[in-house]
Amino acid sequence: MVGSAQPVRFKPGLEIEFANNPMGFRYGSGVFGPKPEYRSLDAIRPSLRDPDCQGPDPVYAIAMDVGRQDDLDELKRRMLLFGIVMYAGGRLGDEPVRSQGHKHAISPHSGWSAPELFEIWQGKAIVYAQENAGDDPGRCFVIEASPGDKVVMPPGWSHYVVNASSAAPLIFGAWCDRQYGFDYGEMRAHRGLAWFPRIAANDEIGWEKNPSYSASTLISRRARAYPEMGLSFEIPIYENLRRSPESIQWVSEPARLDRLWPSFEP
C-alpha cells in the first residue's frame, strides 16, 4: 500500500504524487506507470565502501516506462522510455544513500550503450560519472544538481546518483532507451566505481578513491546547460517529447551525436 502521497515541488509535466512511508508512486489521470521496483540494501552492498554497513531498506524505488497515455505510441515509435526514481533519506554507513553504479548495456536496436538524460525534481543530488569501467576510469566527474537541473550521461560511461541530503528523499526523472539494460560486471569486479562518497563530521560529502582502480582526478562542479545538444532547458524534459521530440531523440539514437561524444563532458 502506498502511504500518504504529496505532490513533488518541481513540476515535471506529469501528474504524479510520491509517498515516503513506504516509498511509492501514485499516477494521476491520463498517466500510466508500473508499480515500483525496490532496490534492497543487500542488492547494492557489493558496490559500497563498507558492504557490511547499515542503512535504509529498501534504498530506493524505481518505475520504468512512465508517461501520458496519449504519448505511448510515440514513445514506442521513438524507442524512448521515461523513468522515475525515489531515494530514501538516511545513510549507508558513512556513505550517503545512492545507487550501486553501472554502465548501460548495448541496446540491440542502436548498437550503442545508451546515454541518459536526468532531471532533478526534489532534493539535492550528486551525479558521479567515470569515462571507463576498466582499471583506468578515465575522466571522473562529480556533478551537483538541484530541482530543475539536468545532467546528460554520455554513452558507455559508468555512473551512480547520490542523495546529497540525509534528511530528505531525492526524486528525479530520466529519459532512457526503451531497450535499456544495466551492466554491473566491471563495477562489481572492482568492488564499486572509482570514487566513494563519504559523509564527514560536518555532514559535507567528501570523496575517497577506490584502490581497485589506477590513479584518476576527480572534477567537481555544478550542473550545466548543454547548448551543444540543442536541448531546451526552459521546460521539463518530459515536455520535450511533445514540443521538440527531435531534441531528445539522441537518447535512443546516440549515433546522431557521434562527433560530440568522444570529447563530451557531462
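The following exchange examines backbone features, one sheet and the cavities of a predicted model.

The model is predicted, so local features need pLDDT of at least 70 and side-chain atom pairs count only at pLDDT 80 or more, while totals for chains, interfaces and linings use all residues. Residues are numbered from 1 along each chain as its sequence is written, and side-chain values use heavy atoms, with hydrogens and water left out.

Me: What makes the peptide bond from asparagine 21 to proline 22 cis?
Reply: Omega of this bond is near 0°. Proline 22 sits in the loop between strand 2 (16-20) and strand 3 (23-27); helices (H or I, at least four residues) and strands (E, at least two) are DSSP runs, numbered from the N terminus.

Me: Which residues does the cis bond with omega of about 10° join?
Reply: That bond joins aspartate 57 and proline 58. Proline 58 belongs to the loop between helix 1 (41-44) and strand 6 (60-64).

Me: Why is arginine 191 called exposed?
Reply: Exposed means over 50% relative accessible area, buried under 20%, and partly exposed in between (1.4 Å probe, protein chains only). Arginine 191 has a relative accessible area of 62%, and is therefore exposed. Its phi is positive, about 55°, although arginine 191 is not a glycine. The residue lies in the loop between helix 3 (185-189) and strand 19 (195-199).

Me: Why does aspartate 203 count as partly exposed?
Reply: Its relative accessible area is 47%, and the partly exposed class lies between 20% and 50%. Aspartate 203, also not a glycine, has a positive phi near 70° and is found in the loop between strand 19 and strand 20 (205-209).

Me: How do you know that strand 13 and strand 16 pair?
Reply: Two strands pair if DSSP finds at least two bridges between them. Six bridges join strand 13 (residues 125-130) to strand 16, and the two run antiparallel. Within this pairing, alanine 125 has asparagine 163 of strand 16 as its bridge partner.

Me: What makes strand 16 and strand 21 the edges of the sheet?
Reply: Four strands form an open sheet of mixed pairing, in the order 16-13-14-21. Strand 16 (158-163) and strand 21 (218-222) each have a single partner strand, so one side of each is left without a neighbour in the sheet. From one strand to the next the twist averages 20°, where axes are lines fitted to C-alpha atoms, for helices over the stretch in contact, and angles run from 0 to 180 degrees between N-to-C directions.

Me: What is called a cavity here, and how many of 30 Å³ or more does the structure hold?
Reply: On a 1 Å grid over the protein atoms alone, a cavity is a set of points where a 1.4 Å probe fits but cannot get out, and lining residues have an atom within 4 Å of a point. The structure holds two cavities of 30 Å³ or more. The largest contains about 270 Å³ of space, a volume being the space filled by probe spheres set on the points, which are joined across faces, edges and corners. Of the 24 residues that line the largest cavity, Ile62, Val85, His102, Glu116 and Phe182 are the closest to its centre. Strand 8 gives the most to this lining, with four residues.

Me: Which residues line the second largest cavity?
Reply: The lining consists of His102, Lys103, Ala133, Ser158, Asp183, Glu186, Met187 and Leu193.

Key. 1 Å grid on protein atoms, 1.4 Å probe; cavity = no way out; pocket = protein on both sides within 12 Å on 5 of 7 lines; lining within 4 Å.
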